[in-house]
Amino acid sequence: EPDADGHFRWVYEDLNFFLAATRDRPRYFETQAEDPSLKILAVLTGIPEEYKVVQEGRITGIAGLEEPVFLASREINPANRWGQFVYQVSSTFGTVVDAWEIGNENELPLPPPAYARAMEVACQVLATTDPTGEVLLGAPEHLIALRTARGEQTDYRTLLEILAAKVRSSDNLHTCIGGLALHVYERPTHSHYIISRIADLTSDLGWQPEVWITETGVQHPDRDDPRRPDPALCRETSFPCVSDVEQASYLIQQYALAMQALAQKDREGVVIYHRLKDEFDRDPHPEVNDGPWGLMDLENRLLPAYRAARLTSAMLGGARYLREEAEDDPTCRHLLFADPARRLVHVLWATTSQTVTVNVPVCPGRTICYQQDLSPVSYTHLTLPTN
């Protein structure tokens, strides 16, 4: 709603949605078509400048946020600007959106009480426009999630405390908010740590939502910027940059550890990698360039991480975590899963730089071992990739 006048302009986001819907959602055109495997998560965020409520230089709310969501006629109340926005978006796209994430990092810059109210308003609207869609609390920035997991008092922790109290006292809100979103970057072990600690925190608050990692990843060398003289170099950012092989290792380890944490905390969840393909924006300001996070580079070449993602999806999609083998061994990690066909899946990696030997019971002719790039290897001698 760029002019803050009640007229909504569907341009860039509409094109993205249409592309996803037409390629992955035949029921966008045929309502009886079966759902394909890919799902659409829509993120509702942003406040037009004219609707920001500012006090002492800080945004404290959205114009009309405390107004009733609906009029007596059950029509949407245009005075509640946020409710009107959620209504327009979900009425336009709700038929093929599977889940709604309310806010994303600091793009919905509200203090915790106002953010909680925005969640309530969104839930009231979505109950009428898309009652089957899942609703997620928006993800904080990675470092905020990490600080919260460490026990620091952050605005995100305050928001969880406020929402947990509201969820406990409201059946409608408890039914609406199915999960919370997190962004996890840098180290594979952060996935297990942050999921576990945030799950413990919400349990202590009397709330057990699903935990979705809606962004995770690590940057490979900077081939996506044609202005750089050496594509093997990494951009100077606050995030680490690793080799192509290490990026593939990250993807497998992060997913396995996230699934382990969800199972140990008895939570459902989803993991979404950021992103499929590198993106380079030719705007001269570097902060708008999303950077080399992709499983494919700018020229659509498949990176080792792409093949690692295929392997992870094939072997662990729908799998159930069982246990960790040799937990006291500091040289490697060895996680055991059972896939939907009840076959055992061993996920192993070395945590040290030296060669590590692991004994795994095998059935001759029925056991296949894969390196992270999908290439089969002998199952009698398996060299583990290091961190």
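In which strand is Ala99 found? The legends below get to that, one close-up at a time, and keep in mind that this is a predicted model.

**Figure 1. The whole chain, before zooming in.** Let's start with the big picture: the protein chain has 9 helices and 13 strands. Of its 387 residues, 43% count as buried. The chain exposes about 20,300 Å², and carbon and sulfur atoms supply 49% of that area. Now take the contacts between residues at least 6 apart in sequence: 61% of them join residues at least 24 apart.

**Figure 2. Ala99 and its surroundings.** Here is the reply to the opening question: Ala99 is found in strand 4, which runs over residues 99–104. With a relative accessible area of 2%, Ala99 is buried, because anything under 20% counts that way. Who sits around it? Setting aside neighbours within four places in sequence, Ala99 is in contact with Ile40, Leu41, Ala42, Glu134 and Trp212. Val43 is worth finding in this view too: Ala99 and Val43 are 56 residues apart in sequence, yet their C-alpha atoms are 8.6 Å apart in space.

**Figure 3. Gly83 in helix 2.** This close-up moves to helix 2 (residues 81–93), where Gly83 is found. Is Gly83 buried or exposed? Its relative accessible area is 0%, so Gly83 is buried. Once you skip the neighbours within four places in sequence, Gly83 is in contact with Ile76, Val121 and Val125. Look at Val125 in particular: Gly83 and Val125 are 42 residues apart along the sequence, but 6.7 Å apart in space, C-alpha to C-alpha.

**Figure 4. Helix 4 meets helix 7.** Two packed helices are described by the angle between their axes and the distance between the axes. For helix 4 (residues 142–149) and helix 7 (residues 188–204), the angle is about 60 degrees and the axes are 9 Å apart. That angle makes helix 4 oblique to helix 7. The crossing of this pair is left-handed. On the helix 4 side, the contact is made by His142, Ala145, Leu146, Thr148 and Ala149. Helix 7 brings His190, Tyr193, Ile194, Arg197, Ile198 and Leu201. Sort the residues of this contact by kind and you get 7 nonpolar, 3 polar and 1 charged.

**Figure 5. A closer look at His190.** You've just met this residue: His190 lies in helix 7 and is part of the contact with helix 4. How much of it can be reached from outside? The relative accessibility of His190 is 8%, so it counts as buried. Leaving out neighbours within four places in sequence, His190 is in contact with His142, Leu146, Val184, Tyr185 and Ile195. Two of these names, His142 and Leu146, should ring a bell from the helix 4 side of the previous figure.

**Figure 6. Helix 8 alongside helix 9.** Here the pair is helix 8 (residues 244–264) and helix 9 (residues 304–316), whose axes come within 8 Å and cross at roughly 20 degrees. That makes helix 8 roughly parallel to helix 9, because angles under 35 degrees count that way. This crossing is right-handed. From helix 8, look for Asp244, Gln247, Ala248, Leu251, Ile252 and Tyr255. They meet Pro304, Ala305, Ala308, Ala309, Leu311, Thr312 and Leu316 in helix 9. By kind, the residues in this contact divide into 10 nonpolar, 2 polar and 1 charged.

Methods:
Residues numbered from 1 in each chain as written. Predicted model: local features only at pLDDT ≥ 70, side-chain atom pairs only at ≥ 80, totals over all residues. Heavy atoms only, no water. Helix = DSSP H or I, 4+ residues; strand = E, 2+ residues; numbered from the N terminus. Buried < 20%, exposed > 50% of the residue type's maximum accessible area, 1.4 Å probe, protein only. Contact = heavy atoms within 4.5 Å. Areas by Shrake-Rupley, 256 points an atom, 1.4 Å probe, with all protein chains shown as cover. Axes fitted to C-alpha atoms, helices over the stretch in contact; angles between N-to-C directions. Parallel < 35°, antiparallel > 145°, perpendicular 65-115°, else oblique. Left-handed = near helix turned anticlockwise from the far one by under 90°. Nonpolar A, V, L, I, M, F, W, Y, C, P; charged D, E, K, R; others polar.
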